[in-house]
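This report addresses salt bridges, a pocket and selected residues. Please consult the sequence and structure shown below while reading.

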Amino acid sequence: MIHEILPVGPLQCNCSIIGDETTCDAIVIDPGDDIADVLAIIQKHSLQVKQIVITHAHIDHVGGAMKLRATTGAPIVLNHNDYTLLKMLDMQAAWIGMKSPGKVEIDHSVADADKVEAGPLLASVIHTPGHTEGSICLYFPAQQKLIAGDTLFAGSIGRTDLPGGSFEKIINSLHEKVLALPDETVVVPGHGPLTTIGEERESNPFLQKK
C-alpha cells in the first residue's frame, strides 16, 4: 500500500493519497487545497485516481476536490447527509477568511458499510455523524488503518458547535463504531498527528467511560 499524507491549506487538513503498488489504482481522501502538491505525489507514484473521497463537507476538506476531478477525471463521493453543508461553502469561506472554491459537485453518495476500492485495496465506509451529519471514516481492515476525518484526533474529538454538529451523536459514533475497531488500528485524523485506537481508548479524555 502506498499511503502519503499531505497537510494542505491554511488549516493543514490531512489529505491522504492511497494507492496500490501493483495496479497503481488510487483514491484521494480530503483534497482540501494545494492540489499541485497532491498531483505531484500522484505523478511520483504513477497513480491513476479512481475516486476522490470526502470525509465531510467542510471547506478545508473539500475545497480542492473540483480541481482534482478536472485533472484526474475521478468522481467525487460524499455522504448525502452533508449535501446541505456543501451548499454553504461561501459562508464557510467567510467564517475563516478564505476564498470560496465555488460550487462542488458530488458524483456519488456513499453510505455506511459501502466499499471504496483502489485495485485490491478495500475500505469500508463507516458513517460517524457528530462533527457533521454526513461525516464518514474509511477503514482498511487488511492494513488495520482508519482514515478518521474530523471525528477523532490524537487526544481529542471533532468540534460539534458548527452547523450539523452534535456532541451526543459524535460520542455515540465513537463508542458504537470507532472504538469497535482493534486497538492496533492506526488512526489518520483530519488534522494533526497519527494515533491508534488503543491509545485513544486508554487516554483520550472524551472517550473515558464515566
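## Salt bridges

In this predicted model, the side chains of Glu 105 and Arg 69 form a salt bridge with an N to O distance of 2.7 Å. The two partners belong to distant parts of the chain, 36 residues apart: Glu 105 is in the loop between H5 and strand S6 (108-109), and Arg 69 is in helix H3 (residues 65-72). Glu 105 has a relative accessible area of 36% and is therefore partly exposed, whereas Arg 69, at 18%, falls under the 20% limit and so counts as buried. Both residues also belong to a salt-bridge network with Asp 107.

The whole structure contains eight salt bridges. One of them joins Glu 133 and Lys 169, whose closest N and O atoms are 2.6 Å apart. Because Glu 133 lies in the loop between S8 and S9 and Lys 169 in helix H6 (residues 167-176), this pair ties together parts that are 36 residues apart in sequence. Glu 133 is partly exposed at 28% relative accessibility, and Lys 169 is partly exposed at 36%. In a further salt bridge, the side chains of Asp 161 and Arg 159 meet at 2.7 Å, N to O. Asp 161 is exposed, with a relative accessible area of 55%, while Arg 159 is partly exposed at 47%.

## The largest pocket

The largest pocket encloses about 290 Å³ of space. Its lining comprises 15 residues, and those closest to the centre are Leu 11, His 58, Asp 60, Arg 159 and Leu 162. Arg 159 is also the salt-bridge partner of Asp 161.

By residue class, the lining consists of seven nonpolar, five polar and three charged residues. Helix H2 (59-62) and helix H5 (89-96) each contribute at least two residues to the lining. The largest share, three residues, is supplied by H5.

## A buried threonine

Thr 128 occupies the loop between strand S8 (121-127) and strand S9 (136-140). Its relative accessibility is 0%, so Thr 128 counts as buried. The side chain of Thr 128 makes a polar contact of 3.1 Å with the side chain of Thr 151. Apart from neighbours within four places in sequence, the contacts of Thr 128 are Ser 135, Ile 136, Cys 137, Thr 151, Ser 173 and Val 178.

## An exposed proline

Pro 205 is located in the segment after helix H7 (197-203). With 52% relative accessibility, Pro 205 counts as exposed. The C-alpha atoms of Pro 205 and Gly 190 are separated by 18 Å, and these residues are 15 residues apart along the chain.

Definitions and conventions: Residues are numbered from 1 along each chain as its sequence is written. This is a predicted model: local features need pLDDT of at least 70, side-chain atom pairs count only at pLDDT 80 or more; totals for chains, interfaces and linings use all residues. Side-chain values use heavy atoms; hydrogens and water are left out. On a 1 Å grid over the protein atoms alone, a cavity is a set of points where a 1.4 Å probe fits but cannot get out, and a pocket is an open set with protein on both sides within 12 Å along at least five of seven lines; lining residues have an atom within 4 Å of a point. Grid points are joined across faces, edges and corners, and a volume is the space filled by probe spheres set on the points. Helices (H or I, at least four residues) and strands (E, at least two) are DSSP runs, numbered from the N terminus. Ala, Val, Leu, Ile, Met, Phe, Trp, Tyr, Cys and Pro count as nonpolar, Asp, Glu, Lys and Arg as charged, and the others, Gly among them, as polar. Buried means under 20% relative accessible area, exposed over 50%, partly exposed in between (1.4 Å probe, protein chains only). A polar contact is a pair of N or O atoms within 3.5 Å; within protein, one must be able to donate a hydrogen and the other to accept it, and residues adjacent in sequence count only if both atoms are side-chain atoms. Contact means heavy atoms within 4.5 Å. A salt bridge is a side-chain nitrogen of Lys or Arg within 4 Å of a carboxyl oxygen of Asp or Glu.
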